[in-house]
Amino acid sequence: MTTSRQATIRPRERDALLQGLRSGVVPRMGQQHVQVGRVHEVKALMSDINRINDGGSGSRFIIGDYGSGKTFFLHVVRSIALQQKLVTAHADLSPDRRLHATGGQARSLYSELMRNMATRAKPEGGAMSSVVERFISLALTESRDTGAPVEGIIRRGLSELSELTGGYDFAEVIAKYWQGHDTGNEQLKSDAVRWLRGEFSTRTDARAALGVRTIIDDSNFYDQLKLLARFVRLAGFGGILICLDEMVNLYKLANSQARNSNYEQILRILNDSTQGSAAGLGFIFGGTPDFLLDPRRGLYSYAALQSRLEENSYAVDGLVDYSGPVLRLANLTPEDFYVLLTKLRHVQAAGDESAYLISDDGIAEYMNHCAQRIGDAYFRTPRNTIKGFLDLLAVLEQNPDRSWEGLVTSVNLERESNPDLAPLDTATEQSPAPARPNEFLTDLRPADDRRSTNDTDDELSAFRL
Ligand SMILES: Nc1ncnc2c1ncn2[C@@H]1O[C@H](COP(=O)(O)OP(=O)(O)O)[C@@H](O)[C@H]1O
Ligand SMILES: [Mg+2]
């Protein structure tokens with residue numbers, strides 16, 4: 001049944017995977033050992049990655065219900081991008097992190113992205129200095145091979161950046177890094193990296209440290225990403241893939257002007273990627289159907305976006321189209337979930353079939369147990385049922401005298417609560433709405449009914465999903 005029988009699983013990967021999934025966190029590495037389904041979606045994103053590597057661009061919206069696997073998919077794509085020699089940067093949007101803002105929230109998103117900037121050699125983040133180092137070492141190699149002075153080679157590379165908006169200072173900062181490198185001035189190097197990571201908060205400080213007049217702030221968020229994409233290409237990478245999750249936070253913005261400014265930013269990004277004018281820059285956005293479709297608050301509330309993102313009207317009745325900017329993640333099926341459990345068993349046994357702690361029958365019984373306890377959510381939103389299964393395996397591992405029979409039905413399973421149903425965090429715009437606990441599975445009204453209780457932007461106390 002499993003396709004991963006032959007795969008070897010490194011102990012570090014095994015532990016990271018199991019620990020992550022048991023605590024409800026989507027794994028950042030080793031997803032291939034547990035991944036099920038999504039073949040077409042992965043293929044579609046592979047072609048984006050290739051295009052970015054060739055100096056092109058691309059944007060995709062990964063849309064799926066809560067728990068359908070958006071975050072997991074984003075991390076799968078990120079891992080592939082790293083393998084394919086792209087740089088990646090990922091971040092979750094939040095009330096304090098947005099694409100457009102005037103109170104520092106866009107800069108905050110930028111620095112979060114930069115903290116998580118990764119390369120194949122540094123998959124866990126913090127890769128900015130190593131990317132800059134790589135640029136320098138390429139110049140050093142060229143200088144050694146050609147006898148031309150390093151400084152000139154660096155300046156020539158950077159002149160390409162100077163043509164772009166904000167490129168002059170960006171190039172200056174890289175030149176300062178080189179100067180620090182050349183003269184053994186570690187402070188100058190680290191100031192340059194701090195600038196690139198968007199960590200200078202005042203122009204005065206930046207000027208004192210690096211002699212540049214600008215800093216990365218809300219107003220140049222996207223221009224800086226374009227510059228960065230060019231720069232990583234100069235450093236020998238194919239480009240950069242920006243992965244933004246929890247886009248629903250834009251839909252949650254109470255202030256319609258703030259929301260629209262963010263949607264306008266998305267439109268710029270989308271236009272640039274369709275026209276291929278952002279070289280080596282790709283975006284992948286994860287969001288719920290409401291974020292996309294809601295006519296009052298979602299991307300569809302912005303007419304220009306609606307027309308670009310509208311689904312192919314021929315893709316109905318089981319026909320699919322993976323070429324558009326929007327990829328709808330279907331819910332996992334019971335069959336997918338079965339395969340997923342066999343993979344978890346395989347990972348838990350570190351790839352050794354003879355060490356499996358539960359038989360195929362046991363897995364089937366566990367699925368029955370889940371279905372009885374929480375209905376079909378067990379495979380559609382599998383976070384808790386994955387966790388429950390791994391808890392079961394952990395008990396079996398530590399109590400070798402016990403077998404799965406008799407234990408399976410004692411696994412305690414809870415329904416997942418959808419955090420999007422919690423009250424909106426509106427601290428930046430409005431006073432917070434009163435707390436209102438809710439349960440994901442209890443609201444089975446159709447989406448339209450659910451929205452009808454929320455009719456004006458400002459009536460947050462009435463906001464219900
Ligand atoms: N294709 C998949 N293969 C294996 N596990 C998956 C897959 N998609 C999702 N999962 C698992 O399902 C759970 C929910 O996925 P998640 O990405 O957190 O959903 P979402 O971000 O859409 O709310 C996580 O535990 C994740 O590891
Ligand atoms: Mg998620």
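Reader: What makes the crossing in which α2 passes α3 right-handed?

Author: The turn decides it: a crossing is right-handed if the near helix is turned clockwise from the far one by less than a right angle, and left-handed if anticlockwise. α2 passes α3 in the right-handed way. Do keep in mind that this is a predicted model, in which local features need pLDDT of at least 70 and side-chain atom pairs count only at pLDDT 80 or more, while totals for chains, interfaces and linings use all residues. Residues are numbered from 1 along each chain as its sequence is written, and chains are lettered from A and ligands numbered from 1 in the order in which they are written.

Reader: And how do I know where α2 and α3 begin and end?

Author: Helices are DSSP runs of H or I with at least four residues, strands are runs of E with at least two, and both are numbered from the N terminus. On that basis, α2 covers residues 39–53 and α3 covers residues 70–83.

Reader: Why is α2 called oblique to α3?

Author: The two helices pack at an angle of about 40°, with their axes 10 Å apart. An axis is a line fitted to C-alpha atoms, for helices over the stretch in contact, and angles run from 0 to 180 degrees between N-to-C directions. Under 35 degrees counts as roughly parallel, over 145 as roughly antiparallel, 65 to 115 as roughly perpendicular, and the rest as oblique. About 40° falls in that remaining group, so α2 is oblique to α3.

Reader: Which residues of α2 and α3 meet?

Author: Glu41, Val42, Leu45, Met46 and Ile49 of α2 meet Phe73, Val76, Val77, Ile80 and Ala81 of α3. Here, contact means that the C-beta atoms, placed from the backbone, lie within 7 Å. The residues of this contact divide into 9 nonpolar, no polar and 1 charged. Nonpolar covers Ala, Val, Leu, Ile, Met, Phe, Trp, Tyr, Cys and Pro; charged covers Asp, Glu, Lys and Arg; the others, Gly among them, are polar.

Reader: What makes α5 and α6 oblique to each other?

Author: The axes of α5 (residues 128–146) and α6 (residues 150–162) cross at roughly 125° and come within 9 Å. That angle is outside the perpendicular and antiparallel ranges, so oblique is the word for α5 and α6. Their crossing is right-handed. Ala139, Leu140, Glu142 and Ser143 of α5 make the contact with Val150, Ile153, Ile154 and Gly157 of α6. By type, the residues of the contact of α5 with α6 are 5 nonpolar, 2 polar and 1 charged.

Reader: How do you know that β1 is mostly covered?

Author: Of the 7 residues of β1 (57–63), 7 are buried. A residue is buried if 20 or more other C-beta atoms, placed from the backbone, lie within 10 Å of its own, exposed if 12 or fewer, and partly exposed in between. Ser57, Ser59, Phe61 and Ile63 point one way from β1, whereas Gly58, Arg60 and Ile62 point the other way. In a regular strand, side chains alternate between the two faces of the sheet.

Reader: What tells you that β1 pairs with β4 and β5?

Author: Two strands pair if DSSP finds at least two bridges between them. 7 bridges join β1 to β4 (residues 281–287), and 3 join β1 to β5 (residues 326–328), so both pairs meet the cut-off. Both pairs run parallel. For instance, Gly58 has Gly282 as its bridge partner in β4, and Phe61 has Val326 in β5.

Reader: Why are β2 and β5 said to stand at the edges?

Author: The open sheet has 5 strands in the order β2-β3-β4-β1-β5, with parallel pairing. β2 (87–92) and β5 each have a single partner strand, so one side of each lacks a neighbour in the sheet. From one strand to the next, the twist averages 15°.

Reader: Why is Glu246 called buried, and Ala350 partly exposed?

Author: Glu246 has 21 other C-beta atoms within 10 Å, so it is buried. Ala350 has 14 such neighbours and therefore counts as partly exposed. Glu246 sits in the loop between β3 (240–245) and α11 (248–251), and Ala350 in the loop between α15 (334–348) and α16 (360–374). Phi is positive in both, near 60° for Glu246 and near 50° for Ala350. Most residues other than glycine have a negative phi.

Notes: Two residues are in contact if their C-beta atoms, placed from the backbone, lie within 7 Å.
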